[in-house]
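Visitor: Please take me through one part of this protein slowly. Pick a single helix, and show me what lies around it.

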Amino acid sequence: MLNLQSNTSARWLQQVAEHLDQILIDHAHCEKKAAGTAMNLIFAYVENQELCQAMSQIVNEELAHFHLVLDLLNRRGIRFRRQTPSQYGRRLNDLVRKQEPQRAVDRLLVASLIEARSCERFDLLRKHLQDQDRELADFFGGLFESEARHHSTYVRLAKMYADEETVHARLKELAADEARIIGEGEALPRVHS
Ligand SMILES: [Fe+2]
Ligand SMILES: [Fe+2]
């Protein structure tokens, strides 16, 4: 369903266990960035009405998620602050081709894969935290469905810029890159480390 080519390793859950505060702060930044990505797509493809409608809905939902994480941080006495981001998003965005319409396909598919990986990890967190932190487990469980839907929306919109077969072939290529990048891991504990 999520088109990912790898499962998150135990190494990441270890980072989560040791640095939950940093992961939660990064999560807030991720939701903010997700809203920004959808907004940028509106600016880039403003003539595509279907895309604009879908993206404005995603902007709203991601901002609502951002507020939810900020509230959670607040309840837990964690101050929201700037943090060095992971390299994951930048490395994926570097794979986007420069020429249209391939550029549109790639931007949408990269966004779809980031949604998919977040989704996979939220589900993992839900299971992992079930016994030790019920509030947090429920929190991540509550985000799973909308992030899965965002993944599908981005893939569907990519098909407005290339035929179905081309989109699936490219999604497979980018998913292989995504699996390689996330598999390398990063030293800083982040949602996508
Ligand atoms: Fe979100
Ligand atoms: Fe999302």
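**A close look at one helix**

Guide: Helix H3 covers residues 49-75, which makes 27 residues. From its first C-alpha to its last it reaches 39 Å, close to the 39 Å expected at 1.5 Å a residue. Keep in mind that this is a predicted model.

Start at the N-terminal end. Asn48 caps H3 there. One of its side-chain oxygens lies 3.2 Å from the backbone nitrogen of Glu50. Now go to the other end. Just after H3 comes Gly77, with a positive phi of about 70 degrees.

Next, stop at Leu70, which is found in H3. Is Leu70 buried or exposed? Neither label fits: its relative accessible area is 25%, so Leu70 counts as partly exposed. Buried would need a value under 20%, and exposed one over 50%. Compare its position with that of Glu18. The two residues are 52 apart along the chain, and their C-alpha atoms are separated by 21 Å.

H3 also has a packing partner, helix H2 (residues 20-44). The axes of H2 and H3 are 8 Å apart, at an angle of about 165 degrees. That makes H2 roughly antiparallel to H3, because angles over 145 degrees count that way. Their crossing is left-handed. For contrast, look at helix H5 (residues 102-129) and helix H7 (residues 164-184). They pack at about 50 degrees, with axes 10 Å apart. H5 and H7 are therefore oblique to each other. Their crossing is right-handed.

Now turn to the metal site. Glu62 bridges two iron ions, ligand 2 and ligand 1, which lie 3.5 Å apart. Which residues donate to the iron ion (ligand 2)? The protein donors are Glu62 (OE), Glu115 (OE), Glu115 (OE) again, Glu147 (OE) and His150 (ND1). They lie 1.9 to 2.6 Å from the ion. Along the chain, the donors follow the spacing E-x52-E-x31-E-x2-H.

Look at the end of that pattern. Glu147 and His150 are 3 residues apart in helix H6 (residues 134-158), so about one helical turn separates them. An α-helix has 3.6 residues a turn, so residues three or four places apart point the same way. Both residues are hidden from the outside. Glu147 is buried, with a relative accessible area of 2%. His150 is buried too, at 0%.

Technical notes. Residues are numbered from 1 along each chain as its sequence is written. Chains are lettered from A and ligands numbered from 1 in the order in which they are written. This is a predicted model: local features need pLDDT of at least 70, side-chain atom pairs count only at pLDDT 80 or more; totals for chains, interfaces and linings use all residues. Side-chain values use heavy atoms; hydrogens and water are left out. Donors are N, O and S atoms within 2.8 Å of the metal (3.2 Å for Na, K and Ca); water is not among the atoms, so sites may look incomplete. Helices (H or I, at least four residues) and strands (E, at least two) are DSSP runs, numbered from the N terminus. Buried means under 20% relative accessible area, exposed over 50%, partly exposed in between (1.4 Å probe, protein chains only). The expected span of a helix is 1.5 Å times one less than its number of residues. A polar contact is a pair of N or O atoms within 3.5 Å; within protein, one must be able to donate a hydrogen and the other to accept it, and residues adjacent in sequence count only if both atoms are side-chain atoms. Axes are lines fitted to C-alpha atoms, for helices over the stretch in contact, and angles run from 0 to 180 degrees between N-to-C directions. Angles under 35 degrees count as roughly parallel, over 145 as roughly antiparallel, 65 to 115 as roughly perpendicular and the rest as oblique. A crossing is left-handed if the near helix is turned anticlockwise from the far one by less than a right angle, and right-handed if clockwise.
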